[in-house]
Amino acid sequence: MRLISLLNHYQHFPGFVYERARHCASNQTIEIAVRPRRGSRPVCSGCDKPAPAYDHLKPRRFEFVPLWGCMVVLLYCMRRVDCRTCGVRVEAVPWGIGKHQLTKAYMLFLAHWARKLSWQETAVSFRSTWDKVCQSVEYVVQWGLEHRQLGPIVAIGVDEIQYAKGHKYLTLVYQIEQQCTRLLWIGRERTVASFEQFFILIGERLAGQIEFVCSDMWQPYLAVIRERCRQAIHILDRFHIVAKMNTALDQVRAGEARRLARDGYEPVLKKTRWCVLKRRANLTGQQRFRLRDLLRYNLRTVRAYLLKEDFQQFWEYESPSWAGKFLDDWCCQVMRSRIEPMKKIARTLRSHRVLILNYFHARKQFSSGVVEGLNNKAKLTMRKSYGFRTFHITEIALYHALGRLPEPDVAHRFF
Ligand SMILES: [Zn+2]
């Protein structure tokens, strides 16, 4: 039979033979019976060593990669072995693992598609279920985590992300070197204790080799980095500083809009939110027009906006000392502005001056947009599915999407 010879070609296991295939048209399933090759010895699932057969169990079904829109199932009577070290145990079979109903090849197949489509779409496309897709991703991720190589690590970025409807935080640690950008670790919460776990995972030797750490201004992260990566240059991420500044500007704008409305002025700030928050180059024609109009008024929002825009220059500097001078001048100017949210930013920048200027000490070594890019990808991964409500599932989904994990070897890839 054709199918059998194809299977023997692409998915050959020395100790087993495909016996016969049966197509069942009513439920569009192809059943393939498998039996042990005569004279082959079963392998103990406890210790992976050959052992004498003891008895065999009822036929078990293993779902294989679908063909021609049909479900393909391997039928096999698992043997039990009488192992000298483990006692009576079920045998290990090369196409499946443990109690999984899916073959390794099929799990790899589903997990592959689950990286491109949402888990639900994957389940629908291959007439499987969300749970099976989840199992598959879990298997691939677990295997990958066990087999990945962690070091050497030169540069890391740490960031937080909200999940579970924004009530909880995760701490994500990325490796951000040019040759290797990947998610290294995910922890619950964003506390000192959780971030410490990452350093426990990689051990002191690898931690001691880290040269650059990129983070936001979250105190617990700063504390852990100070403690665990003394030798590294610690950089405050540009993207977080810009984000903070935008938040401050938005506060100014919202406060002022309310005040104008209350005092019965013309609502000049209406629909200006994105005009002032977006970078000038990204504005639409309409927004550019509104902005030009807005800049004619003597408003706090306008002054805050100009301060923010002015700060863009900071990132252009080459030399840390000139950048430092600019930073000091800018902060002085802001402190005189009497715009409280902006003053708060200036105070923050002042207190983190050293770490901010490290950006210029390290900028040649790696690109700082990497953390932002990875973080956006992480958010996208979480948005793509409504099922990631638990920590565990969120964790495997993120490792799957961003971890660049090695994948289990199978005889043949069906995708
Ligand atoms: Zn054993």
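This briefing covers a zinc site, aromatic ring pairs and a charge placed over rings. The model is predicted. In it, four cysteines coordinate a zinc ion, and the structure holds 24 aromatic pairs.

**Zinc site**

- The zinc ion is coordinated through the SG atoms of Cys 44, Cys 47, Cys 83 and Cys 86, at 2.3 Å, and the angles among these four donor atoms run from 104 to 115 degrees, giving a tetrahedral site.
- Ideal angles for four tetrahedral donors at a metal are 109.5 degrees.
- Along the chain, the donors follow the spacing C-x2-C-x35-C-x2-C, and distant parts are linked by the pair of Cys 44, in the loop between strand 2 (29-36) and strand 3 (53-67), and Cys 86, in the loop between strand 4 (70-83) and strand 5 (87-90), which are 42 residues apart.
- Cys 44 counts as buried because its relative accessibility is 0%, whereas Cys 86, at 28%, counts as partly exposed.

**Aromatic rings**

- Among the 24 aromatic pairs, Phe 195 and Phe 198 count as stacked because their ring planes lie at 15 degrees, with the centres 6.4 Å apart.
- Phe 195 and Phe 198 are three residues apart in helix 5 (residues 192-207), so about one helical turn separates them; Phe 195 is buried at a relative accessible area of 0%, and Phe 198 is likewise buried at 0%.
- Ring pairs also link Phe 311, Phe 314, Trp 315, Tyr 317, Phe 326, Trp 330, Tyr 359 and Phe 360 into a cluster.

**Charge over rings**

- Arg 190 lies over the face of Tyr 169, at 3.6 Å from the ring centre, and also over the face of Trp 218, at 3.7 Å from that ring centre.

Technical notes. Residues are numbered from 1 along each chain as its sequence is written. This is a predicted model: local features need pLDDT of at least 70, side-chain atom pairs count only at pLDDT 80 or more; totals for chains, interfaces and linings use all residues. Side-chain values use heavy atoms; hydrogens and water are left out. Donors are N, O and S atoms within 2.8 Å of the metal (3.2 Å for Na, K and Ca); water is not among the atoms, so sites may look incomplete. Four donors count as tetrahedral if all angles lie between 85 and 135 degrees; four count as square planar and six as octahedral if opposite donors are over 155 degrees apart and all others between 65 and 115; anything else is irregular. Helices (H or I, at least four residues) and strands (E, at least two) are DSSP runs, numbered from the N terminus. Buried means under 20% relative accessible area, exposed over 50%, partly exposed in between (1.4 Å probe, protein chains only). Rings of Phe, Tyr and Trp (its six-membered ring) pair if their centres lie within 6.5 Å; planes under 30 degrees apart count as stacked, over 60 as edge-to-face and the rest as tilted. A charge sits over a ring if NZ of Lys or CZ of Arg is within 6 Å of the ring centre and within 35 degrees of the ring normal.
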